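Trainee: Please give me a close look at a single part. I want to follow one sheet, strand by strand.

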Protein chains: 4
Amino acid sequence: MLEELKEKVWEANMFLPKYALITFTWGNVSGIDRCRGLVIIKPSGVAYEHMRPEDMVVVDLEGTVVEGKWKPSSDTPTHLELYKNFSGIGGVVHTHSRWATTFAQAGLEIPPLGTTHSDYFYGAIPCTRTMTSEEINGEYEKETGKVIIETFRDLDPQTIPAVVVHSHGPFTWGDTPQKAVEHAVVLEECAGMAWQDLLVSNNTVRPIQKELLDRHYLRKHGQNAYYGQTV
Amino acid sequence: MLEELKEKVWEANMFLPKYALITFTWGNVSGIDRCRGLVIIKPSGVAYEHMRPEDMVVVDLEGTVVEGKWKPSSDTPTHLELYKNFSGIGGVVHTHSRWATTFAQAGLEIPPLGTTHSDYFYGAIPCTRTMTSEEINGEYEKETGKVIIETFRDLDPQTIPAVVVHSHGPFTWGDTPQKAVEHAVVLEECAGMAWQDLLVSNNTVRPIQKELLDRHYLRKHGQNAYYGQTV
Amino acid sequence: MLEELKEKVWEANMFLPKYALITFTWGNVSGIDRCRGLVIIKPSGVAYEHMRPEDMVVVDLEGTVVEGKWKPSSDTPTHLELYKNFSGIGGVVHTHSRWATTFAQAGLEIPPLGTTHSDYFYGAIPCTRTMTSEEINGEYEKETGKVIIETFRDLDPQTIPAVVVHSHGPFTWGDTPQKAVEHAVVLEECAGMAWQDLLVSNNTVRPIQKELLDRHYLRKHGQNAYYGQTV
Amino acid sequence: MLEELKEKVWEANMFLPKYALITFTWGNVSGIDRCRGLVIIKPSGVAYEHMRPEDMVVVDLEGTVVEGKWKPSSDTPTHLELYKNFSGIGGVVHTHSRWATTFAQAGLEIPPLGTTHSDYFYGAIPCTRTMTSEEINGEYEKETGKVIIETFRDLDPQTIPAVVVHSHGPFTWGDTPQKAVEHAVVLEECAGMAWQDLLVSNNTVRPIQKELLDRHYLRKHGQNAYYGQTV
């Protein structure tokens, strides 16, 4: 069932250790089949070394396991909330990568300080608000997803495909699971650079000029994009 | 004698270079057989590259060598003190890993700033007090253990399985030698993130909300834990 | 056509991942054949793993593709501007390497703090001015090159073969593509050290003494250089 | 000639890339045969990948090449000055390793902040004074050695086998070339930790207690040392 997507989701999960985004099993990637309304996600707490495509878990949009011998990632309800509200996305990634998590723990957004950031993200990566006791003690992982959605009330998840969850860590997304991982890698790199800039400039560093942000984002993603090869 | 535990203690020691927690021979892992009251520990100053399970040293709880051709780690008396006072633990690790040691040298506890920390440690990782001249000039390694015990007077070593010894470095423990190493890896990661947070926020960063600390610690370790696979 | 130079430019591009100067495809190296007035450069957005010498693109000094199945790097007009104005150079490199980019994003020059810097660069690595809206919205990549040239009005590109472009990242150059990569590696190392020095000394660190800068630069590059082997 | 020492000096040089202490050829190790008064040192500017034991250069204590097809390291006069004045040492190392060089460039000594430092160095690692124009423009590399000797006027090079040369980088030494490399590795690790401590504590971090410094240094190096195996 959905063998091709399973393979892709598995491969995308294997990129997390490859790009040094995780320690142990702290991370998960999912992908969605929009036609069937089914999501494939990494099993909870299974070691990457031994994980195979057939270990991936298939769940429906309510989180019910449809196929798979393992329990899905405990963060599954957060992924589902994103799929339900960000209609254009095909893959979601969660990690505790060190630099992005540093911003999450400090409760700070990641400011757009240069073209590396602008090539992928069309503005600051927001940080969610702290959650209420009710949210934390209720359906916590689902509420985490809802707080992300709330954060994007006035933001476009297509042009800012990443968030840092307060006190927790980053979530990224994209058209495919692979793209979502690519965004997780770039986020980590931009977070590291931003941290270094904030420190060297005594917090007086300023965001990139709006014109330059536009130019870089649009030369890769705009209607007249001219970066890369035309397929 | 105790071949299986020797193998486990040796394997746990080999994880120290694998997870980049040590330089040269600066670290040691031990394990205990509670029935026989015997501890197996790494030999002192032997290179990891050539170390084999049969090089492990067996000592009783007073530190007398019961089997083994080498001298045990010079930190053995510290390990023994922990085994004698923390009745539930099965393994102990000592390293000079860079981030945790940075806190030890600064005489600072490692504050719980996020869920990465909360998934493993149910509060701040304490730093021991400085030792007196008498303690340093007396049975120093044993006194080091006693100062750790003193630090945990009002703390639970089961829920906070780690400490940084003032001016020295981290000790971690767990149900097994492998678990103790896992805690050493997580401690190092959390220390690195905490340091980055303290710097970016000019020391105004605040600990994670109590509710979120609870939620994350208990979803992995509480009675109704739901993280990972049920065995 | 220009097979030998293609091979060299390809090899120099492959050094970028080897020396950990890039993430994904974020970087490019070019080389010039001064007699024919042709430049060879990396194709845009092609993965390094699969890139072969025959994938390199040949362009003339106006940027017209003379040979090659791919589009050239989108930064090609910047490279061309450098070749046209810095008559002595044979290779150009652009990366987003983390430390040099940190200075670019902070809008800071990289001060010459020690002999590591002085062995290669005869003074501070300048940072370009911010660009105007007209420049950004016009022929942006070409204007980037012109701003670099403007920055070197009173500097010698032979003795300071590097620049950080404001809000963007480093460009380096050299007699050959290989030399340009060497300068990119050294720049990154010096930027990292300088950042660490600026932080530990509360921004009061002072540049290296002029005499020592002279001595180190000239013992490697002066008329009576005595470093290395005489060929 | 001196084949065994050549092999050892070569091997010690190969440790520099292994322990990530150098970029390109920026570093050198030498060893001395005290009976014959001959020093073996790395050739200048030769790549590590292709270096073999027979490429090592033999010089006498005045720096005259006695054997070898290459020019010796340009830092040879500094090494010779150390051998002539520190009678007990058998090997010398020079690198531009990043953390130690950070202190050198800031003109700061590396304070003894913990037991990692105390296990190897019996006090702060000093930083030399800035050199005069006469020294820099005269026999510069020899004068560098003399400034190191001057710095150790009231220090014991046996118990503090390292120095950072102002605006330049570290030199370490030891009984053998291998020991000198070991000290270079430890110095780098201690410098990194010290830098992290200075930053997290707003420069208020205090050196380790004298009693603890004594205990750790002496349990490894004192008359009644009990660390490691007795041979």
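Mentor: What follows is a walk across one sheet of chain D. The model is predicted: local features need pLDDT of at least 70, side-chain atom pairs count only at pLDDT 80 or more, and totals for chains, interfaces and linings use all residues. Residues are numbered from 1 along each chain as its sequence is written, chains are lettered from A and ligands numbered from 1 in the order written, and side-chain values use heavy atoms, without hydrogens or water.

Start with the layout. Chain D has an open sheet of 7 strands, with antiparallel pairing. Read across, the order is β4-β3-β2-β1-β5-β7-β6. Strands here are DSSP E runs of at least two residues, helices H or I runs of at least four, each numbered from the N terminus. Two strands pair if DSSP finds at least two bridges between them. In general, strands of a sheet pair through backbone hydrogen bonds, either parallel or antiparallel.

Now the edges. These are β4 (65-67) and β6 (162-165) of chain D. Each has a single partner strand, so one side of each lacks a neighbour in the sheet. From one strand to the next, the twist averages 25°.

Look closer at the β6 edge. Strand β6(D) meets β7 (residues 169-174) of chain D through 4 bridges, and the two run antiparallel. There, D:Val165 stands opposite D:Gly169 of β7(D).

Last, the helix. In chain D, α2 (residues 76-85) lies across β1 (27-33), β2 (38-41), β3 (57-60), β5 (91-95) and β7. Contact means heavy atoms within 4.5 Å. Helix α2 of chain D runs at about 40° to β1(D). Such angles run from 0 to 180 degrees between N-to-C directions, with axes fitted to C-alpha atoms, for helices over the stretch in contact.
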